[in-house]
Amino acid sequence: MDCTDTYGLQLTTSPEAAAAWSKGLRNLLALQRGAAQAFASAIALDPTFAVGHATMALLSYELCVPADLSARTRDALLHAARGTERERSHVHAVVSHLGGDSRPLLAHVRAHPRDALLLSVAVPTIAFSGATEVPAEAWGLVEGAIPAYGDDWWFLGLLGFIRAEQGRFDEAMDLSLCSLAAEPSAGHSAHARAHAHYETGDHEPGLRWMDEWISGDGSGTESLSHFAWHAALHELSLGDLESV
């Protein structure tokens, strides 16, 4: 039975496996704990789910998630023929990326911008190291996807981070605030806001907000050490070496 993911893309799997995979995607995009477990559940529920196998291979490669990279790659390729053209392209993009050639991944994202998992992988952020050579290439990927996402909370956070990299800090702040209003735990958005505070010298409000977020809405984040580092940068700038 065919189902869809969070962004309306078809998944050739069972409803239960699609729901587990979508839960993993949501957690991954929010930088929340539990993504790997949800993705693993998806392929346990449907061992023929090619995109699920490719996802576990990708997380093993990119994030050192404990999974059998060779087996997950093999099973993704084995079952890819069952899927749609987009799913076959997704699997091919992942396998090529794992082999050191990210060109199919970048082409896939341009053709299927609402494939949020692979767009996230392609752009260097707090989540992934990226698949682009120069910042402008990553910026172009994200900006090209604007019509595909509208006011989606995850994408607003990703775009906010791009705007911070471009030195457009007012826009970065506005985008991150809109995203966090919709999803207070959104890690990409918190990261964009952290950069906007720090790089404009807004240290006291930035530190106050970061401390509150780490202990509150962001407490389930995978990368809290990075956000603690952002807080320490504010403390260093304020001369509070004991807190650093």
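Visitor: What relative accessible area does Glu-183 have in this model?
Guide: The model is predicted, so local features need pLDDT of at least 70 and side-chain atom pairs count only at pLDDT 80 or more, whereas totals for chains, interfaces and linings use all residues. Residues are numbered from 1 along each chain as its sequence is written, and side-chain values use heavy atoms, with hydrogens and water left out. Glu-183 is buried (under 20% relative accessible area with a 1.4 Å probe and protein chains only; exposed is over 50%, partly exposed in between), since its relative accessible area is 16%.

Visitor: Which residue forms a salt bridge with Glu-183?
Guide: A salt bridge (a side-chain nitrogen of Lys or Arg within 4 Å of a carboxyl oxygen of Asp or Glu) involves Glu-183, with its closest N and O atoms 2.8 Å apart. The pair links distant parts of the chain, 157 residues apart: Glu-183 sits in the loop between helix 11 (169–182) and helix 12 (187–199), and its partner in helix 1 (residues 15–30). Helices here are DSSP runs (H or I, at least four residues), numbered from the N terminus. The partner is partly exposed, at a relative accessible area of 27%, and is Arg-26.

Visitor: How many residues apart in sequence are the parts that Arg-86 and Asp-115 tie together?
Guide: The side chains of Arg-86 and Asp-115 meet in a salt bridge, at 3.1 Å from N to O. Arg-86 belongs to helix 5 (residues 85–98), while Asp-115 is in the loop between helix 6 (103–111) and helix 7 (116–122). Both Arg-86 and Asp-115 are buried. Because the two residues lie in these separate elements, the salt bridge ties together parts whose separation in sequence is 29 residues.

Visitor: Which residues does the network of salt bridges containing Glu-143 join?
Guide: Arg-163 and Glu-143 form a salt bridge whose closest N and O atoms are 2.6 Å apart. That pair links distant parts of the chain, with Arg-163 in helix 10 (residues 153–165) and Glu-143 in helix 8 (residues 135–144), 20 residues apart. Arg-163 counts as buried at 8% relative accessibility, whereas Glu-143 counts as partly exposed at 30%. Through salt bridges that share partners, one network joins Glu-143, Arg-163, Arg-168 and Glu-171.

Visitor: How many salt bridges does the structure hold?
Guide: The pairs discussed above include Glu-183 with Arg-26 and Arg-86 with Asp-115. Another salt bridge connects Arg-163 to Glu-143. For the structure, the count of salt bridges is nine.
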